[in-house]
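I opened a fresh page for this one and kept my notes in the order I looked things up. Follow along with the structure beside you.

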Amino acid sequence: MAIRLLIADDHAVVRKGIRMLLEDEPDMQVVGEAADGDEAVDLIGQLDPDILLLDLTMPRMSGLEVLKTLSRQSHRVYTLVFSMHSNPDYILKAVQHGAAGYLLKDTGQAEILKAIRTVVNGELYYPPSASNVIIKQLVRQQPVSAEADTQAAKTPTVWSRITPREAQVLNCLMDGMSSTEIATRFGVSVNTVANQRASIIRKAGVKNTADLIRLAVSDKRR
């Protein structure tokens, strides 16, 4: 069965470009296009797509409002945000409201196809630029209110157990730095950095950095 896709973007030329990019893929079928958020929600009910490729800046109902609406409904559609916005606020809000992935509009064809095929299987797809934003925000542990601060104290998370130096190491790793570069920055040995990295993974209860990213996204949605 082909992956059924709905494209939601207020620019006709963008919708046409995405359709052209996907139409030669034997396992994909574009079943509809929406020019605004309201139309996207209506078409999801009518067409039952597997994947919604969603722009965030649209008239009548923004992409974030579409995500909020879908989170309150029972549709099985997976949403892959396809946006021009690299602002951390947009990425974090998309995660919080249930986006399964986040791509920028300058993303290459191969990565777009990979993201679609990943998300349709119920997995998350956040490229390094988005993953870095998510994890760094969690590591900072900045509650948005006194109530949130109290709740965080009652239910400590993986991120609150990470030491300040481990948080620095994690941020460097998310920026693409090697263990040698991190060791040079902090004036420690490569073995020390390796131990700190292992400690982060152990505290998170995961096997590798990719699993750490999945955990970060899951926690950010709570």
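**Entry 1: strands 3 and 4**

I began in the middle of the sheet, where strand 3 (residues 51-54) and strand 4 (residues 78-83) run parallel and are joined by four bridges. A caution to myself before going on: this is a predicted model. Picking out one bridge, I found Leu53 partnered with Leu80 in strand 4. Then I looked at what packs here. Helix 5 (residues 109-119) packs on the sheet and touches strand 1 (3-8), strand 2, strand 3, strand 4 and strand 5. The direction of helix 5 makes about 160° with that of strand 4. Helix 3 also came into view: it lies across strand 3 and strand 4, and runs at about 155° to strand 3.

**Entry 2: the whole sheet**

Next I stepped back and asked myself in what order the five strands form the sheet. The order I noted is 2-1-3-4-5, in an open sheet with parallel pairing. The edges are strand 2 (28-34) and strand 5 (101-104), each of which pairs on one side only. I also looked up the angle between neighbouring strands: on average they are turned by 25° against each other, direction ignored. A reminder for my own use: strands of a sheet pair through backbone hydrogen bonds, either parallel or antiparallel.

**Entry 3: towards strand 5**

I followed strand 4 to its partner strand 5 and found four bridges, again with the two strands running parallel. Here Val81 stands opposite Tyr102 in strand 5. The connection goes by way of helix 4 (residues 88-96): strand 4, helix 4 and strand 5 make a right-handed β-α-β unit.

**Entry 4: towards strand 2**

At the other edge I checked strand 1 and strand 2, which pair in the parallel sense over six bridges. Leu5 stands opposite Val30 in strand 2. The chain gets from strand 1 to strand 2 through helix 1 (residues 12-22), and this β-α-β crossover is right-handed. Is strand 2 mostly covered or uncovered? I found it mostly covered, with five of its seven residues buried.

Helix 1 gave me one more item. Ala12 lies in this helix, and its C-alpha atom is 7.5 Å from that of Ala35, although the two residues are 23 residues apart along the chain. With a relative accessible area of 48%, Ala12 is partly exposed, because the band for that label ends at 50%.

**Entry 5: helix 3 and Thr69**

I came back to helix 3 to see which of its residues are buried. My list reads Gly63, Leu64, Val66, Leu67, Thr69 and Leu70. Their cover includes helix 2 (37-47), strand 3, strand 4 and helix 4.

I took Thr69 for a closer look, a residue of helix 3 (residues 63-71). Why does Thr69 count as buried? Its relative accessibility is 13%, and the label applies under 20%, so Thr69 counts as buried. Setting aside neighbours within four places in sequence, I found Thr69 in contact with Val41 and Met61.

**Entry 6: two positive phi values**

I then went through backbone angles and stopped at two residues that are not glycines. Asp48 has a positive phi of about 50° and sits in the loop between helix 2 and strand 3. Arg60 has a positive phi of about 70°, and its place is the loop between strand 3 and helix 3. I looked up accessibility for both. Asp48 is partly exposed at 44%, whereas Arg60 is exposed, with a relative accessible area of 64%.

**Entry 7: rings**

How many aromatic pairs are there? I counted zero. A ring does take part in another kind of arrangement, though: the charged end of Arg165 sits over the ring of Phe186, 4.4 Å from its centre.

**Entry 8: totals**

I finished with the overall numbers. The protein has 12 helices and five strands. Of its 222 residues, 44% are buried. Among contacts with a separation of 6 or more, residues 24 or more positions apart account for 64%. The Ala12 and Ala35 pair, 23 residues apart, stays in my notes as a spot to view in the structure.

Methods:
Residues are numbered from 1 along each chain as its sequence is written. This is a predicted model: local features need pLDDT of at least 70, side-chain atom pairs count only at pLDDT 80 or more; totals for chains, interfaces and linings use all residues. Side-chain values use heavy atoms; hydrogens and water are left out. Rings of Phe, Tyr and Trp (its six-membered ring) pair if their centres lie within 6.5 Å; planes under 30 degrees apart count as stacked, over 60 as edge-to-face and the rest as tilted. A charge sits over a ring if NZ of Lys or CZ of Arg is within 6 Å of the ring centre and within 35 degrees of the ring normal. Buried means under 20% relative accessible area, exposed over 50%, partly exposed in between (1.4 Å probe, protein chains only). Contact means heavy atoms within 4.5 Å. Two strands pair if DSSP finds at least two bridges between them. Axes are lines fitted to C-alpha atoms, for helices over the stretch in contact, and angles run from 0 to 180 degrees between N-to-C directions. A crossover is right-handed if, with the strands pointing away from the viewer, the path from the first strand over the helix to the second runs clockwise.
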